[in-house]
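Open the model in your viewer and keep the sequence panel visible. This tour goes from one selection to the next and says what is there.

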Amino acid sequence: MTTGNELAGRVALITGGARERGQGAAEGRLFAAHGAKVILADVLDEEGERTAGGIDGAEYAHLDVTSEAGWDALVADVVARHGRLDVLVNNAGIAVMGQLVKASAEDWDRTIAINQTGVFLGMRAGARAMIAAGNGGAIVNISSIAGLNGLFGSMAYGASKWAVRGMTKIAAKELGKHHIRVNSVHPGYIETDMLAQGGVVDGFRDKMIRSVPTGRLGQPTDIANMVLFLVSDAADYVTGQEFVVDGGVHG
Ligand SMILES: NC(=O)c1ccc[n+]([C@@H]2O[C@H](COP(=O)([O-])OP(=O)(O)OC[C@H]3O[C@@H](n4cnc5c(N)ncnc54)[C@H](O)[C@@H]3O)[C@@H](O)[C@H]2O)c1
């Protein structure tokens with residue numbers, strides 16, 4: 001059970017946290033409200049500074065998740081300044097939709113680089129720091145319901161999200177002995193800039209809502225609540241699993 005001070009003294013790094021209405025920022029707000037020191041990392045520096053500036057206990061850092069050197073430098077900086085890293089949320093992602101026969105190799109490469117390689121580099125850098133500190137830790141990787149089924153028109157996106165689901169289970173097996181837990185979260189249709197920019201909302205919004213048994217689009221806070229549970233001690237015996245937060249669409 002969460003108490004309101006679940007993350008006191010913990011340091012949490014969240015990627016893709018710049019956008020005010022994004023899931024990463026919602027997680028940052030909730031973690032900070034539960035006592036954590038939060039670092040929101042992104043490539044949208046101006047927006048990120050503004051978003052972090054509005055959260056007590058949060059700060060912004062530039063990070064392109066595809067950069068190996070960037071990851072190593074940021075994690076080293078976080079540990080140097082805050083003494084530890086306890087929580088990592090690999091939330092950054094892009095959604096370039098398009099059917100297989102029309103898809104470009106460039107979009108494929110970019111999607112895999114950000115959504116999949118970014119998660120690999122993040123888990124590696126984060127786990128190394130957590131192991132060195134010896135305090136254990138919790139990693140949550142944001143996949144999607146597109147990582148659980150064959151979502152029409154999502155060849156690259158779906159491939160990256162299926163990969164994240166599998167990578168989560170491998171990391172959980174390897175890191176368990178260090179008391180580092182790794183789980184994946186699979187959002188459904190969440191009302192963020194990503195959903196709007198994908199053009200998915202235009203014309204399809206009503207159809208999308210009708211496909212959700214609970215009758216509404218998800219909000220970033222719906223995901224943040226699940227992520228908070230997974231990184232808290234309440235989930236101490238939970239690792240290597242996938243958690244669907246989609247109002248009942250999948251399954
Ligand atoms: N919105 C949805 O319906 C939905 C559904 C399922 C899964 N997801 C996943 O949830 C996560 C969060 O997405 P969101 O809905 O909050 O959208 P969002 O667009 O608000 O957030 C994604 C963030 O990732 C950042 N980002 C992109 N490339 C980056 C890079 N190279 N390095 C660092 N940051 C980078 C963006 O700048 C942005 O701030 C993503 O992984 C997305 O795939 C979203």
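Start with Gly134, and note that this is a predicted model. Gly134 comes right after helix H4 and has a positive phi, near 75°.

Now step back along the chain and select H4 itself, residues 105-133. This helix has 29 residues, and the distance from its first C-alpha to its last is 40 Å. At 1.5 Å a residue the expected reach is 42 Å, so the two values are close. Within H4, go to Ala113: the helix bends there by about 35°.

Keep H4 displayed and add helix H3, residues 68-82. The axes of H3 and H4 come within 10 Å and cross at roughly 30°. Angles under 35 degrees count as roughly parallel, so H3 is roughly parallel to H4. The crossing in which H3 passes H4 is right-handed.

Next, add helix H5, residues 155-175. H5 packs with H4 at an angle of about 15°, and their axes are 9 Å apart. H4 and H5 are therefore roughly parallel to each other as well. Their crossing is right-handed.

Hide these helices and select helix H1 and helix H8; H8 covers residues 220-231. What angle do H1 and H8 make where they pack? The angle is about 50°, with the axes 8 Å apart. That makes H1 oblique to H8, and H1 passes H8 in a right-handed crossing.

Leave H1 on screen and turn to the ligand. Select the shell around the ligand, which holds 29 residues. The closest are Gly16, Gly22, Gly93, Thr192 and Met194. Which elements give two or more residues to this shell? They are H1, residues 23-33, and helix H6, residues 193-197. H6 gives the most, with three residues.

To finish, color the shell around the ligand by residue class. Nonpolar residues number 15, polar residues 10 and charged residues four. In this count glycine is classed as polar.

How values were computed:
Residues are numbered from 1 along each chain as its sequence is written. This is a predicted model: local features need pLDDT of at least 70, side-chain atom pairs count only at pLDDT 80 or more; totals for chains, interfaces and linings use all residues. A residue is near a molecule or strand if its C-beta atom, placed from the backbone, lies within 6 Å of it. Helices (H or I, at least four residues) and strands (E, at least two) are DSSP runs, numbered from the N terminus. The bend at a residue is the angle between axes fitted to the seven residues ending there and the seven starting there. Axes are lines fitted to C-alpha atoms, for helices over the stretch in contact, and angles run from 0 to 180 degrees between N-to-C directions. Angles under 35 degrees count as roughly parallel, over 145 as roughly antiparallel, 65 to 115 as roughly perpendicular and the rest as oblique. A crossing is left-handed if the near helix is turned anticlockwise from the far one by less than a right angle, and right-handed if clockwise.
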